Amino acid sequence: MSRLTVADLTRGVMTEFQEKLRQQHEESMHRELQALLSTADEAEAEISGKDFDGFKKLFHRFLQVKGPSVDWAKINRPPEDSIRPYEKIKTEGLPDNITASLNKLAVVKLNGGLGTSMGCKGPKSLISVRNENTFLDLTVRQIEHLNKTFNADVPLVLMNSFNTDEDTKKILQKYKHHRVNIHTFNQSRYPRINKESLLPIAKHMGMSGENGEAWYPPGHGDVYASFSNCGLLDKLLAEGKEYIFVSNIDNLGATVDLFILHHLMSQPADRRCEFIMEVTDKTRADVKGGTLIQYEDHLRLLEIAQVPKAHVDEFKSVTKFKIFNTNNLWISLPAIKRLQEKNAMDLEIIVNPKTLDGGLNVIQLETAVGAAIKSFNNAMGVNVPRSRFLPVKTSSDLLLVMSNLYSMDAGSLTMSKKREFPSTPHVKLGSSFTKVQEFLCRFESIPDMLELDHLTVSGDVTFGKNVSVKGTVIIIANHGDRIDIPAGAMLENKIVSGNLRILDH
């Protein structure tokens, strides 16, 4: 019999010690959560109790996980047939009666985010993006147009967070007479964890004062649990809905695609595809986007946060991982019901470290909606045109969608026919343009950008009316200087720097 070495014994003691430590952390967390719940009223305690059940599962798994959640050596490219080109799906055509398929669909928009990164208060979906229309207006118009055109009943479901719920509900009054049924539900509210003690920083269940910082919405992977908890999943199933189309509300390219819908509906019942992830070709701008991989015989979403540090450059390479996830997802409702009941939804944990204003280090445990792809049967990717991915994350994105590069029809934006090549120009606006209000003050009208390849603007720059920019244009006002681009100016392949003031006389 081989002799036990000191190292073996130490290892045994260590694992036992770590196991005890894990149990202690878990017990302490459960005690704290119970104490928090006792500060809530009955109705709130019931909702928060369900939220905390989900949080406990996540925390338990967080304590178990050691190191990166993927073994880099096991990562393979997805098999050819697991990611279909959109063109191939389009050749299947459409049935005479697309209404029957539409009546089995609901559209879910992820509406939990605030407009803070763009200097706006309140929900991001209420920022005006085009002719005074907000993200929410455009979404409602798109679905209403579908319902009217095909005499269908596609409902809109908004997943709000505690940050956006109240403001969103106030605004929904204005769509009362639109032909679209709107439902809302709230994603969970989880406690932020002190990085050192691994305990919640909340003092009570309230959201007032400093305690407001103690809570966070746990990423869009929470959609499955909260959709199920609030009863909407059962309601939609009872109404005969079979699929949901899920996307971020700030992705203006994420409209209902009839070809993908028909593809889903035309599968034989025993081989039903339960999950489609729309992916698109990576460009240099998308190197951080999640990608699809083959891992232990399953399609799986790989996010940059899961990549071991030594492989981050490889992950960002456009040659090895050619596609990325647009977060436009088509998901079977009966499958969500089955997986929720079996507690079989396995989503990788994203540990998101934050430093609060007072300097306290906390962690947020989050999940991503697309990570569930590996739990569904016959899941696949569809490689869609870039036009289905048009997110507005920054004022640079906003400039593009407000410009004449896009034309708008029934709430949908499409690249203008007048642009000769399909790629989107690369726009980089400096910090003077970050906040939407400041951004709007700097343009008397949005420049003509039909022939633009690249625009960089930095410093104190303003644009007069009817300016057009073509090719590559770089405008840099040095610190303390100001550049006013005069009305009617045409800049083609120009660098403007220094100081340029057009004075009225």
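Student: Why is Lys374 called buried?
Tutor: In this predicted model, Lys374 has a relative accessibility of 13%. Buried means under 20%, so Lys374 at 13% counts as buried.

Student: What makes the pair Asp346 and Lys374 a salt bridge?
Tutor: The N to O distance between the side chains of Asp346 and Lys374 is 3.8 Å. The criterion asks for a side-chain nitrogen of Lys or Arg within 4 Å of a carboxyl oxygen of Asp or Glu; the pair therefore qualifies.

Student: How do you know that this pair links distant parts of the chain?
Tutor: Asp346 and Lys374 are 28 residues apart. Asp346 is in the loop between α11 and β15 (350-355), while Lys374 is in the loop between β16 (361-366) and β17 (380-383). Both residues also belong to a network of salt bridges that links Arg61, Arg300, Asp346, Glu348 and Lys374.

Student: Why is Asp346 classed as partly exposed?
Tutor: Its relative accessibility is 37%. Buried requires under 20% and exposed over 50%; Asp346 meets neither condition and is therefore partly exposed.

Student: How do you know that Asp234 and Lys337 form a salt bridge?
Tutor: The N to O distance for their side chains is 2.8 Å, and the limit is 4 Å. The partners are 103 residues apart, with Asp234 in helix α8 (residues 232-238) and Lys337 in helix α11 (residues 333-341). Asp234 is partly exposed at 39% relative accessibility, and Lys337 is partly exposed at 26%.

Student: What separates Lys148 and Glu144 along the helix?
Tutor: They are four residues apart in helix α5 (residues 135-150), about one turn of the helix. Their closest N and O atoms are 3.8 Å apart, and the limit is 4 Å, so Lys148 and Glu144 count as a salt bridge.

Student: Are Lys148 and Glu144 buried or exposed?
Tutor: Lys148 has 54% relative accessibility, and exposed means over 50%, so Lys148 counts as exposed. Glu144 has 12%, and buried means under 20%, so Glu144 counts as buried.

Student: How many salt bridges does the model contain under this rule?
Tutor: The count comes to 23 salt bridges.

Student: How many disulfides are there, and how do you know that Cys441 is in none?
Tutor: The count is zero disulfides. For Cys441, the nearest cysteine sulfur is that of Cys120, 12 Å away. A disulfide requires sulfur atoms within 2.5 Å, so Cys441 cannot be assigned one. Cys441 has a relative accessible area of 68%, and the cut-off for exposed is over 50%, so Cys441 is exposed.

Student: Why is His220 called partly exposed?
Tutor: His220 has 25% relative accessibility, a value that is neither under 20% nor over 50%, hence partly exposed. His220 is found in the loop between β9 (215-216) and α7 (223-229). UniProt, in an unreviewed entry, places the feature "binding site" at His220. Beyond its neighbours within four places in sequence, His220 is in contact with residues including Leu110, Asn248 and Thr367.

Student: What makes Ser497 exposed and Asn133 buried?
Tutor: Ser497 has 51% relative accessibility, and exposed means over 50%, so Ser497 counts as exposed. Ser497 lies in strand β25 (residues 490-498) and touches Ile476 and Ile483, not counting residues up to four places away in sequence. Asn133 has 12%, and buried means under 20%, so Asn133 counts as buried. Asn133 is found in strand β4 (residues 133-134); apart from residues up to four places away in sequence, Asn133 touches Ile127, Ser128, Leu138, Arg141 and Met408.

Notes: Residues are numbered from 1 along each chain as its sequence is written. This is a predicted model: local features need pLDDT of at least 70, side-chain atom pairs count only at pLDDT 80 or more; totals for chains, interfaces and linings use all residues. Side-chain values use heavy atoms; hydrogens and water are left out. Helices (H or I, at least four residues) and strands (E, at least two) are DSSP runs, numbered from the N terminus. Buried means under 20% relative accessible area, exposed over 50%, partly exposed in between (1.4 Å probe, protein chains only). Contact means heavy atoms within 4.5 Å. UniProt positions are given in the numbering used here, feature names are shortened, and annotations may be inferred rather than shown by experiment.
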